[in-house]
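Q: I would like to learn how to read helices and charged pairs in a protein model. Could you walk me through an example?

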Amino acid sequence: MIFDQITYDVLGKSQIELKYKFQIMASSTDNKDSEHRVSFSGRVNDYRRKIMQQLTKNIGKSNAKKAVTLNSNSEIKKVLIIRPNHRLGNLLLITPLLQDVTETFPDCKIDILTKGNLAPFILENYKNIDGYIVLPRKPFKQLITYVKVWLSVKFKTYDLVINAVKGSSSGKLLTSFSNAKYKVFDELEEDFVSKVPDSYHIAKNPVYNLRNYLSKTGLPKRDRPIPMLDMKLGSDEIDKGKSTLLELTKNTTKTICIYTFATGAKCYSKEWWDDFYKQLKSKFSEYNIVEILPIENVSQIDFKAPAFYSKDLREIASVIENTSLFIGGDCGIMHLAAATKTPVIGLFSNSKIEKYKPYGNTNMAIDTDKSSIMEIIKAAELAVQN
């Protein structure tokens, strides 16, 4: 299998691991709200997205109603999860679905259909993953490769195919095009969503969707809590992160980690962050305050705090894992932090808080349009106490 064109073979990941570390330039932050950009290309993409959603809105609508009986979990051996996106946050947000699939079908092998080279690096410790089918990021420039990917989805047989994000036109089309007995689109009924409000969350929705579909095939309904985001860091990675943090702080005092960067309107001003940092430092004088730097190597507090820079996302996660609290805006690194065991405070403004907020593990989301810096500091106090 050839990774750069169609599929990545996990057996070869060690040979190209270095490649991932230096190909995350465009994925260090999560641009999932790109429709807010005012550029011409952004507006064109927004119109294109709306048109495609309108054209594909009925695909899969009646699928759950005619679900084929599934006699046993053991019937599901080969699964395809479709998430045609290359961004860090969006990839991390499918980890709850991955966990739920492997818990439901422990012997299954999973292929991930995605874009870009980041997924195998982020998901490397998910042992049920068998391979990656990679769509080119610019299909019209790599049309032959794009067609080959679609054909590979059509001609490879799966037992179960899952569209992993609600409202994805390409996800729906690929799911419909795939060769599988069982197909999960995004057909949660409106009454279900009204009864289970957190099913609106982008990470939880596909899990509820899968469970709802499987219950209609005859399998017992699963009522377990929705899994959290999880990088599945190894103990060696966590130990290395601890050593890295100790080298940075030169002490064993507890550490609060901040990330001051985000894209577009989600990036708070230098004045806001400077005020926040001063108050945080004053209130948590007995803590180290460490700033994680973005790939752009910029700081909204002008590098006033000890800073950690790395192009290796797993290394960044391992450092965050060893801190007492992470505070940052709505971006890919916030989701990366939520995929560790460290409590997260996500700062939201101009974005959909209920759809993207960090959850579980005492994580919380704060709407900064309605909350003062002092209220965020008080929330931080509660977080470290827990």
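Q: Thanks! Where do lysine 278 and aspartate 274 lie, and how many residues apart are they?

A: Happy to help, and please keep in mind that this is a predicted model. As a general idea, an α-helix has 3.6 residues a turn, so residues three or four places apart point the same way. In this case, both lysine 278 and aspartate 274 belong to helix α11 (residues 270-283), and they sit four residues apart, about one turn of the helix.

Q: What do the side chains of lysine 278 and aspartate 274 form?

A: In general, side chains of opposite charge can pair when their charged atoms come close. Here lysine 278 and aspartate 274 meet in a salt bridge, at 3.3 Å from N to O.

Q: Is lysine 278 buried or exposed, and is aspartate 274 buried or exposed?

A: The cut-offs help here: buried means under 20% relative accessible area, and exposed means over 50%. Lysine 278 has a relative accessible area of 52%, so this residue is exposed. Aspartate 274 has 19% relative accessibility and therefore counts as buried.

Q: Which lysine beyond helix α11 is tied to aspartate 274?

A: That is lysine 304, in the loop between β8 and β9, whereas aspartate 274 lies in helix α11, so the pair ties together parts that are 30 residues apart in sequence. The closest N and O atoms of this salt bridge are 3.1 Å apart. Lysine 304 counts as partly exposed, because its relative accessibility is 45%.

Q: How many salt bridges does the count come to?

A: The count is 15 salt bridges. One of them joins aspartate 100 and arginine 211, with their closest N and O atoms 2.7 Å apart. This pair links distant parts of the chain: aspartate 100 is in helix α4 (residues 95-104) and arginine 211 in helix α9, 111 residues apart. Both aspartate 100 and arginine 211 are buried.

Q: Which residues are linked with Asp100 and Arg211 in a network of salt bridges?

A: Glu103, Arg222 and Arg224 join Asp100 and Arg211 in that network.

Q: Which residues does asparagine 212 touch?

A: Leaving out residues up to four places away in sequence, asparagine 212 touches Leu188 and Glu189. Asparagine 212 is part of helix α9 (residues 205-216), and its 11% relative accessibility is why it counts as buried.

Q: Now a check on helix geometry: what should helix α10 span, and how far apart are its end C-alpha atoms?

A: The idea is to allow 1.5 Å a residue. For the 15 residues of α10 (residues 235-249), the span should be 21 Å, and the end C-alpha atoms are 21 Å apart, which agrees.

Q: Which residues of α10 are buried, and which are exposed?

A: Glu237, Gly241, Thr244, Leu245 and Thr249 are buried. Viewed down the axis of α10, the buried residues fall within an arc of 120°, so they line one face of the helix. They pack against β7 (255-259), β8 (288-292), β9 (307-308) and α12 (313-321). On the other side of α10, Ser235, Asp236, Lys240, Lys242 and Glu247 are exposed. Just after α10 comes lysine 250, with a positive phi of about 65°.

Q: Finally, how many helices and strands are in the protein?

A: The protein has 15 helices and twelve strands. Of its 386 residues, 55% count as buried. It exposes about 17,700 Å², and carbon and sulfur atoms supply 53% of that area.

Terms used
Residues are numbered from 1 along each chain as its sequence is written. This is a predicted model: local features need pLDDT of at least 70, side-chain atom pairs count only at pLDDT 80 or more; totals for chains, interfaces and linings use all residues. Side-chain values use heavy atoms; hydrogens and water are left out. Helices (H or I, at least four residues) and strands (E, at least two) are DSSP runs, numbered from the N terminus. The expected span of a helix is 1.5 Å times one less than its number of residues. Buried means under 20% relative accessible area, exposed over 50%, partly exposed in between (1.4 Å probe, protein chains only). The arc is that of the directions from the helix axis to the C-beta atoms. Contact means heavy atoms within 4.5 Å. Accessible areas come from the Shrake-Rupley method with a 1.4 Å probe; for residues, only the protein chains shown count as cover. A salt bridge is a side-chain nitrogen of Lys or Arg within 4 Å of a carboxyl oxygen of Asp or Glu.
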